[in-house]
Amino acid sequence: MPELPEVETIKRDLEKAVLGKKITEVCVHNPKVIREPAVAGFKRGLQGARIKNILRRAKLLILELSNGKSLTIHLKMTGQLVYPGGAKNSRVAFHLSGGKILDFNDQRLFAELRLLDDWHSLKFIQRLGPEPAELDLAQFKVMLSKKKTAIKPLLLDQTFISGIGNLYAAEILFQAKINPLRRANELTNKEKELLFLAINDILKAAILHAGSSVDDYVRVSGGKGGYVKYHKVYDRQGKPCLVCKTMIKRISQGGRGTYFCPKCQR
DNA sequence: AATGGGACCTGCGCGC
DNA sequence: TGCGCGCAGGTCCCAT
């Protein structure tokens, strides 16, 4: 479930842990997670390269290498990067200069690793909407007014705005006091502003606390993110709203769980 | 254009 | 106790 705050945390952790190190050997324990090129080419392209730069776009991690290629990692739901690693159940083990191992773990094998000549040309990258931190209020208002869809699934649409997932969509809408079923173009001017503020506030706070350790998310050190204790609605169905004590409701939108307070969010 | 569903996976929690 | 089932969600893909 890593979303923008979790992936940003991992990016910052990686910068401290492995930036500048050389990849001396790559052991692929499960080739399923390597999407391109084939395993042999993947290993050949990585071995001997140095990790020159680490970036994040939406929920995608990008490791730019000294040989001009880039390793992109999408953790999807259960992907983890752990350093120093060496776990038996890792899917890919990156041996680094200094003798330690960067483990890529992924229980459910949804994650996607790619070694690319140019990550900018990745279709996923080209279709991404703006990063929340680069979003401008006036522009955001226009974007919302063009969409008739329900606001909650719209926040999950990476081509609309990038980086928000199911957990933070719920927390953002709670802070903005907006019902997840509301149509984007029918939000009032004031609500659009509140939403804009909530996106920035919630994501910033979550990054400050190193993300939310629900399910499998851990930091590169193996430690947990501390934002779970600030969750107001996510996974709290049946429990009292922390503001008004009304029972938090869970509904399904687009096949995904939506959590909200029916009284606070109108 | 918008919406819904299935696919990809596996561990967990639930009901019986 | 044990089994089988549904569920969790990021993204893509297809159908309507």
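A search of the whole structure, which is a predicted model, finds zero disulfides. C244 takes part in none, its nearest cysteine sulfur being that of C261 at 3.6 Å, and a disulfide would require the two sulfur atoms to lie within 2.5 Å. With a relative accessibility of 23%, C244 counts as partly exposed, since the buried class is confined to values under 20%.

The surface near DNA strand C was examined next. Of the 17 residues around this strand, H74, M77, R108, N166 and R250 come nearest. By class, this surface comprises seven charged, five polar and five nonpolar residues. On the side of the nucleic acid, 54% of the atoms of DNA strand C within 4 Å of the protein belong to sugar or phosphate, the rest being atoms of bases. Several polar side chains approach the phosphates: a polar side-chain atom of N166, one of the residues that come nearest to the strand, lies 2.8 Å from a phosphate oxygen of DNA strand C, while for K59 the corresponding separation is 3.0 Å. In the case of Y234, an N or O atom of the side chain is found 3.1 Å from a phosphate oxygen of DNA strand C. The elements that give two or more residues to the surface near this strand are helix α3, residues 123-127, and strand β11, residues 256-260.

Helix α4, which spans residues 137-145, has F140, K141, M143 and L144 as its buried residues. These residues lie on the same side of α4, because they cover an arc of only 160° around the helix axis. Such an arrangement may be read against the geometry of the α-helix in general, in which there are 3.6 residues a turn, so that residues three or four places apart point the same way. The buried residues of α4 pack against α5 (151-156) and α7 (189-208). At the start of α4, a side-chain oxygen of D136 reaches to within 3.2 Å of the backbone nitrogen of A138.

Beyond α7, the loop between that helix and strand β10 (249-253) contains S221. This residue counts as exposed, because its relative accessibility is 58% and the exposed class begins over 50%. The side chain of S221 reaches the backbone nitrogen of G223 at a distance of 3.1 Å. With respect to N166, whose side chain contacts a phosphate oxygen of DNA strand C, S221 is 55 residues away along the chain, and the C-alpha atoms of the two residues are separated by 25 Å.

Definitions and conventions: Residues are numbered from 1 along each chain as its sequence is written. Chains are lettered from A and ligands numbered from 1 in the order in which they are written. This is a predicted model: local features need pLDDT of at least 70, side-chain atom pairs count only at pLDDT 80 or more; totals for chains, interfaces and linings use all residues. Side-chain values use heavy atoms; hydrogens and water are left out. Buried means under 20% relative accessible area, exposed over 50%, partly exposed in between (1.4 Å probe, protein chains only). A residue is near a molecule or strand if one of its heavy atoms lies within 4 Å of it. A polar contact is a pair of N or O atoms within 3.5 Å; within protein, one must be able to donate a hydrogen and the other to accept it, and residues adjacent in sequence count only if both atoms are side-chain atoms. Helices (H or I, at least four residues) and strands (E, at least two) are DSSP runs, numbered from the N terminus. Ala, Val, Leu, Ile, Met, Phe, Trp, Tyr, Cys and Pro count as nonpolar, Asp, Glu, Lys and Arg as charged, and the others, Gly among them, as polar. The arc is that of the directions from the helix axis to the C-beta atoms. Contact means heavy atoms within 4.5 Å.
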